[in-house]
Amino acid sequence: MILGLFDQFFTPYFAGIPLLAIAIIAPWLLFPTPSNRVVNDRSLAAQNSFILNFAKQILLPLNVGAHKWALLLTALMINLITLNLLGLLPYTFTPTTQLPLNMGFAIPLWLATVLIGLRNQPTIALGHLLPEGTPAPLVPVLIIIETISLFVRPFALGVRLTANLAAGHLLIQLLSSATLFLLDQMFPVAILTSLVMALLTILELAVAAIQAYVFVLLLSLYLQENT
């Protein structure tokens, strides 16, 4: 039973054990296991086609050295999009509405891209902190601003994903509560709110996929700057 609007974003517990880890691992059970057959079933063929097209789209602007991240970025994309979509089902929990979880994805991966840049091309990586042609009086100020913007990136990744998913879930919760309340009071208005909720649910399906793609796309752009 939900006592408040924001209770749906709390981590569920069973016998005092948080179910966040199970919610993250469970979606991988839905994917078919790859086989050595030349001709696979339709579900596996669709999965392979999606992975191929996604990897081609993400890695096309990157150089050959950054292609080592193909498996990691693809797995991250599949995990995020599955968690986001499964969270729209009734009586389910969306782990990606938890800011600590999203920061756990964002900070290590962002830090890895920064360390790769400092190791492979330290001059260029440090040169991003000071645009070319900057007047001498503005040099200290711009270095501070660029440094702050660099460290804000992982927080922007995590907060963007959390805020978009949480806002959509909250709107669906508000509209569903309004529809149930208006069924006995004003039936025509209840029908209208139910239609709006259906349209919002379709929009949330698109948001769930787009936000997972944007998360991985921004990581690939950070990787492109440092390789």
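Here are some notes on the structure above, point by point.

1. Before anything else, keep in mind that this is a predicted model. The UniProt annotation "transmembrane region", which comes from an unreviewed entry, covers residues 12-31, 69-89, 101-118, 138-156, 163-183 and 189-222. You may want to mark those stretches on your own copy.

2. What do two of those stretches look like in the model? Residues 69-89 are 81% helix and 0% strand, and the C-alpha atoms at the ends sit 31 Å apart. For residues 138-156 the figures are 95% helix and 0% strand, with 26 Å between the end C-alpha atoms.

3. Helix α4 is a good one to trace by eye. It runs over residues 99-120, which makes 22 residues, and spans 31 Å from its first C-alpha to its last. That is close to the 32 Å expected at 1.5 Å a residue.

4. Which residues of α4 are buried? The list is Leu-101, Asn-102, Met-103, Phe-105, Ala-106, Leu-109, Trp-110, Thr-113, Val-114, Ile-116 and Gly-117. Their cover includes α1 (20-25), α3, α5 (122-127), α6 and α7. A general point helps when you read a list like this: an α-helix has 3.6 residues a turn, so residues three or four places apart point the same way.

5. Now look at Asn-79, which belongs to helix α3 (residues 70-86). Is Asn-79 buried or exposed? Asn-79 counts as buried because its relative accessible area is 8%, under the 20% cut-off. Leaving out residues up to four places away in sequence, Asn-79 touches Ile-24, Trp-28 and Phe-105. Phe-105 is also one of the buried residues of α4.

6. Thr-162, in helix α6, is worth a look too. Its relative accessibility is 12%, so Thr-162 is buried. Apart from neighbours within four places in sequence, Thr-162 is in contact with Thr-96, Thr-97, Gln-98, Leu-99 and Asn-102. Asn-102 turned up before, among the buried residues of α4. By contrast, Leu-223 is 61 residues from Thr-162 in sequence and 22 Å from it in space, C-alpha to C-alpha.

7. How many salt bridges does a search of the whole structure find? The answer is one. Glu-225 pairs with Arg-153, and their closest N and O atoms are 3.0 Å apart. The pair links distant parts of the chain, since Glu-225 is in helix α7 (residues 187-225) and Arg-153 is in helix α6 (residues 139-185), 72 residues apart. Side chains of opposite charge can pair when their charged atoms come close. Glu-225 is partly exposed, at 32% relative accessible area, and Arg-153 is partly exposed as well, at 22%.

8. There's a nonpolar patch on the surface, about 500 Å² in area, made by Leu-180, Leu-183, Phe-187, Ile-191 and Leu-195. Helices α6 and α7 are the elements that give two or more residues to this patch, and α7 gives the most, with three. Leu-183 sits in α6 and is partly exposed, with a relative accessible area of 38%.

9. Last stop: Pro-122, in helix α5. Pro-122 is partly exposed, with a relative accessible area of 38%. How far apart are the C-alpha atoms of Pro-122 and Asn-40? They are separated by 46 Å, and the two residues are 82 residues apart along the chain.

Notes:
Residues are numbered from 1 along each chain as its sequence is written. This is a predicted model: local features need pLDDT of at least 70, side-chain atom pairs count only at pLDDT 80 or more; totals for chains, interfaces and linings use all residues. Side-chain values use heavy atoms; hydrogens and water are left out. Helices (H or I, at least four residues) and strands (E, at least two) are DSSP runs, numbered from the N terminus. Buried means under 20% relative accessible area, exposed over 50%, partly exposed in between (1.4 Å probe, protein chains only). Contact means heavy atoms within 4.5 Å. A salt bridge is a side-chain nitrogen of Lys or Arg within 4 Å of a carboxyl oxygen of Asp or Glu. UniProt positions are given in the numbering used here, feature names are shortened, and annotations may be inferred rather than shown by experiment. Patches are made of residues with over 30% relative accessible area and no salt bridge: like charges are joined within 9 Å, nonpolar side chains (Val, Leu, Ile, Met, Phe, Trp, Tyr) within 5 Å. Accessible areas come from the Shrake-Rupley method with a 1.4 Å probe; for residues, only the protein chains shown count as cover. The expected span of a helix is 1.5 Å times one less than its number of residues.
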